[in-house]
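Q: Take me through the metal-binding part of this model up close, and then through whatever is packed and paired around the same chain. I'd like the cut-offs spelled out as you go.

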There are 2 protein chains.
Amino acid sequence: MHFTISEENYIKGIFHLQQETGLVNTNSLAAEMHTRAASVTDMLKKLKAKKLLQYEKYKGFKLNEAGLKAALVVVRKHRLWEFFLVDKLKFDWDSVHAIAEELEHISSEELVNRLAQFLGDPAFDPHGDPIPDKHGSIPVIYQKILSTVPLKKSVTVSAVSNQSTQMLEMLKHYHIALGTQLMILKKFEFDGSLEIKVLKQNACIISEQVAKNIFVHDMGKTK
Amino acid sequence: MHFTISEENYIKGIFHLQQETGLVNTNSLAAEMHTRAASVTDMLKKLKAKKLLQYEKYKGFKLNEAGLKAALVVVRKHRLWEFFLVDKLKFDWDSVHAIAEELEHISSEELVNRLAQFLGDPAFDPHGDPIPDKHGSIPVIYQKILSTVPLKKSVTVSAVSNQSTQMLEMLKHYHIALGTQLMILKKFEFDGSLEIKVLKQNACIISEQVAKNIFVHDMGKTK
DNA sequence: TAATATTTTTAGATTTGTCTAAAATATATT
DNA sequence: AATATATTTTAGACAAATCTAAAAATATTA
Ligand SMILES: [Mn+2]
Ligand SMILES: [Mn+2]
Ligand SMILES: [Mn+2]
Ligand SMILES: [Mn+2]
């Protein structure tokens, strides 16, 4: 089955939204795709015709098994290319998304599998997101939101859920990256902000909003 | 200046043809692009409007300075990606063209330059074709067509001008690749075929048509 | 539950890239 | 030079992806 670049982008957009909400609605997908609701409806018809979508007019929609499979192929490619860009070409992790957004549409299956092997079959991308394997299986990781971790417990950053340039820029400022070790020194009731100690850095304070987007796992646990 | 994938493909097609003939005509470009003459005319208008083309109706056309610059960017990307696929991902040199045909349209300039550096700034792609540098300069190489080489002179294969799958498949059969050392043992007047000795292989006979597409340089000369 | 607001779909247009068939131009042949 | 042939362009149509504006359906609120 062949998909256009546009179809692949919509499939991936639906995938991301349904991870959070189960059923997806037209307006939220329009926002995600930076397009208009009418354009979304047009595409929904095409994806339904291609039997990738569970969709009833006015009732919301989500990917069916075939759609999910297609989404995981694109997600795998996106994250493998991001890994390549950071690991081999030494890009900063906050500047690879836009490029991977193009690379994810290169169609050769042979290419993806050789790329994965060349990279050492990584299980997580530079933002800590899991990379599906060639069968679409996603590795599991035991991680918690930073704000739920007890005081003075040393943990390792494993993922970042908000991956806007603004967020990644901020983390860079705090010297926080994937694999960074840190602990919480104090929690401020007033606004939910946290005083944290990043390994080899001075203690600093991060807002609740930032803390809610940082995922960590126990030190020493391998991903 | 931004170009669509289609525009880039046409620009590259014109570039290849004008290398050989100077002026290009509509039908040959249609053949090169596997499309129809009418579609070519449509695109010529667009490229002329973008000031990339010297073009008078019915009189043929060629890229102007701006068009040439655009073509060299695409050619550089195509050949760098081919080098990557063969050198890093261990693809056969006869199976990379189609994939590079997609990869050459990834737009990031930063990506191309980092890729080139990662690959060690190669000057020639896996088919022996020169890779333009970031300013569009093409390395020169002193090479001759195999059929013009004197008998018993040991030479190294440096390029292959016909890069069809069929041709590359045939070369593989003869154990001929870039860098292969060989010499001509005998020339047959009757049909122009050559008896050659490929290093570490038995002597064999190749047709004139094959010989005309193989470029070689003196042994020991570095590219 | 009736009025109001929000969400979603449809109708109709636009742009890009392609095609076929016909017309226009250029080239070759008698 | 006139005619035939080949090449190139135009005219008009179509599919894909997008948009705006209006209509239809659903949800909210008084
Ligand atoms: Mn994309
Ligand atoms: Mn990522
Ligand atoms: Mn291409
Ligand atoms: Mn090549």
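A: E104(B) counts as buried because its relative accessibility is 0%; buried here means under 20% relative accessible area, exposed over 50% and partly exposed in between (1.4 Å probe, protein chains only). Its neighbour in the site, E101(B), comes out as partly exposed because its figure is 23%. Before going on: this is a predicted model, where local features need pLDDT of at least 70, side-chain atom pairs count only at pLDDT 80 or more, and totals for chains, interfaces and linings use all residues. Residues are numbered from 1 along each chain's sequence, chains are lettered from A and ligands numbered from 1 as written, and side-chain values use heavy atoms, without hydrogens or water.

Both glutamates bind the manganese ion (ligand 3). E101(B) does double duty, giving its backbone O as well as an OE, while E104(B) brings an OE. N9(B) adds its OD1 and H105(B) its NE2, and the distances run from 2.1 to 2.5 Å. Donors are N, O and S atoms within 2.8 Å of the metal (3.2 Å for Na, K and Ca), and water isn't among the atoms, so a site may look incomplete. The sequence spacing of these donor residues reads N-x91-E-x2-E-H.

There's another manganese ion to look at, ligand 4. E82(B) reaches this one through OE, D125(B) through OD and H127(B) through ND1, at 2.1 to 2.4 Å. The spacing in sequence is E-x42-D-x1-H. E82(B) and H127(B) tie together distant parts of the chain, 45 residues apart: E82(B) sits in helix α4 (residues 65-87) of chain B, and H127(B) in the loop between α6 (109-118) and β3 (144-145) of chain B. Helices (H or I, at least four residues) and strands (E, at least two) are DSSP runs, numbered from the N terminus. E82(B) and H127(B) are both buried.

Back to N9(B), a donor to ligand 3. Helix α1 of chain B covers residues 5-21, and its 17 residues reach 25 Å from first C-alpha to last. Its buried residues include E7(B), E8(B), Y10(B), I11(B), I14(B), F15(B) and L17(B). What covers the buried residues of α1(B), by contact (heavy atoms within 4.5 Å), includes α2 (26-32), α3 (37-49), α4 and α5 (97-103) of chain B, along with strands β1 (53-55) and β2 (61-63). Right after α1(B), G22(B) has a positive phi of about 75 degrees.

Now the sheet. Six strands of chain B make an open, antiparallel sheet, ordered β3-β8-β4-β5-β6-β7; two strands pair if DSSP finds at least two bridges between them. The edges are β3 and β7 (203-206) of chain B, each pairing on one side only. At the β3(B) end, two antiparallel bridges join β3(B) to β8(B), with I145(B) opposite F215(B). Strand β8 (residues 214-218) of chain B is mostly covered, with four of its five residues buried. Five bridges pair β8(B) with β4 (residues 155-160) of chain B, again antiparallel, and there V160(B) has I214(B) as its bridge partner. At the β7(B) end, four antiparallel bridges connect β7(B) to β6 (residues 194-198) of chain B, and L194(B) stands opposite I206(B).

Notes. Expected span 1.5 Å × (residues − 1).
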